[in-house]
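Open your viewer, load the model and keep the selection tool at hand. We will go from the whole chain to single residues and back out again.

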Amino acid sequence: MQTQLAEHKAKVYVQKTVRKLWKLYLVRKKFLSMQNQVVKAQSAVRRVKHRHAFLKHRRTTLRPVRVTVGTGHDMVVSDWDNGLSDPYIIISAVSKGVQRWRCDVSVREETLNPVWNETHTIPGVNGDMKLYFTVIDQDEIRDQFMGQGCLDLGDRVTNYWLHGTRGGYVDIALDNLIFMPAEASGAPVRIDWDFLEPKGRIRVKLDIGLSLSDVCGYMIGPPSGIEESTSVKGRAMAKAKGRKLWVSINDGELHARRSMGETKPRYVVKLHDPRLAIITTTRDGKPLPYILLVTKYSKFKFIPLNKYEIDRWRMAFLVSRMKFAAASAADAAKGPEQAPVNAAKAMRLADLAPHFLLKPANRDRRRPRRRSSRGRSITGMQLK
């Protein structure tokens, strides 16, 4: 009797234990399922946040943009003596109601269907800006407004900036005046804008610089061009110290302006010139905090104003050099036999650049010391 009672108690204890373990298993399984769902939801939220952050960064990053103005159709008549017009276009890049950049398209005389086919580079545009195309008739007394079209770079419908589409031409209808273009001094353009009824359209093409070789921003660089230097005993030295410049790299060329919005660059440097060496690393392969341009007698230093963008600038300099050096060398070759040799030589310049680094002069080649007024010695630096 006692044995049966003991067996019954043991059986009941085992059943309770199994029931508890089963409940714990179900609870743990449910918890893990909920945890997986929470992790998936958090992952989806992070993915959306990262996507929005990427799109915002892509939209707000300033890049060079090439604007090609093709043709105009069915323009309004402004010259009543011959029934034609003399149209030209002012391209304004506007951000928050302020004109940041301006480009002028040349005049086409006595036509209502002008053909421009002109390409202008705007060195610093982002997706929050708008491009206004103001068509104006050139007149001897006072120019007349013919129409204005707007292209919003941040509009998803146009599909230009957010998705980086590089397509064909787009037709922009001309309408009433929305934004008054400004001169270089900041004063509004002097035109008669309320006499003609706008009509017609223009064809425009955008090519946004999304490659590694297209970059723009502020840098500390030389105030004068590489060729503008004074020669002292066969060695060229910079005239003045570095200053803040707006620098843009596009199509293998470096354009330096005094400030953002300046129409003409102070100087232009062709990065694929074989006489120029681009140095971005030390002799040990360590990256430098600046980019050094070295010619036969000169050296010029470019320092990004934002130290966190040094990698971006370094890549732009090197990619522009390697991308356009072969084509430039092939075009400059005198004969077809020399083209491959010159191209290979130009492509190797990036590897040869570290050998042009500055280093202290050797003892046996050091210039004689000269004493200053305070008795301290002054020594020089020389190229390797």
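Start with the whole chain in cartoon view: the protein chain holds 4 helices and 21 strands, where helices (H or I, at least four residues) and strands (E, at least two) are DSSP runs numbered from the N terminus. The model is predicted, and local features need pLDDT of at least 70, side-chain atom pairs count only at pLDDT 80 or more, while totals for chains, interfaces and linings use all residues. Residues are numbered from 1 along each chain as its sequence is written, and side-chain values use heavy atoms, with hydrogens and water left out.

Now switch on the surface. The accessible surface comes to about 24,000 Å², and carbon and sulfur atoms hold 54% of it (Shrake-Rupley method, 1.4 Å probe; for residues, only the protein chains shown count as cover). Of the 384 residues, 37% are buried (under 20% relative accessible area; exposed is over 50%, partly exposed in between, with a 1.4 Å probe and protein chains only).

Next, select strand E2, residues 87-95, and find Ser92 in it. Is Ser92 buried or exposed? Ser92 is buried, with a relative accessible area of 0%. Show side chains: those of Ser92 and Gln99 share a polar contact of 3.1 Å (a pair of N or O atoms within 3.5 Å; within protein, one must be able to donate a hydrogen and the other to accept it, and residues adjacent in sequence count only if both atoms are side-chain atoms). Beyond four places in sequence, the residues in contact with Ser92 (heavy atoms within 4.5 Å) include Trp101, Leu131, Tyr132 and Phe179.

Move on to strand E5 (130-137). E2 and E5 run antiparallel and are joined by 8 bridges (two strands pair if DSSP finds at least two bridges between them); look for Pro87 opposite Asp137 in E5. E5 also runs antiparallel to E6, again with 8 bridges, and Tyr132 stands opposite Cys150 in E6. A hairpin leads from E5 to E6 through 6 residues. Because 7 of its 8 residues are buried, E5 is largely enclosed by the rest of the structure.

Finally, colour the largest nonpolar core (buried Ala, Val, Leu, Ile, Met, Phe, Trp, Tyr and Cys residues joined through side-chain atoms within 4.5 Å). It has 30 residues, and those touching the most other members include Ile89, Leu131 and Phe133. E8 gives the most to this core, with 4 residues. For a last stop, select Ile249, Tyr267, Ile278 and Ile310, which are among the 20 residues of a second, separate core.
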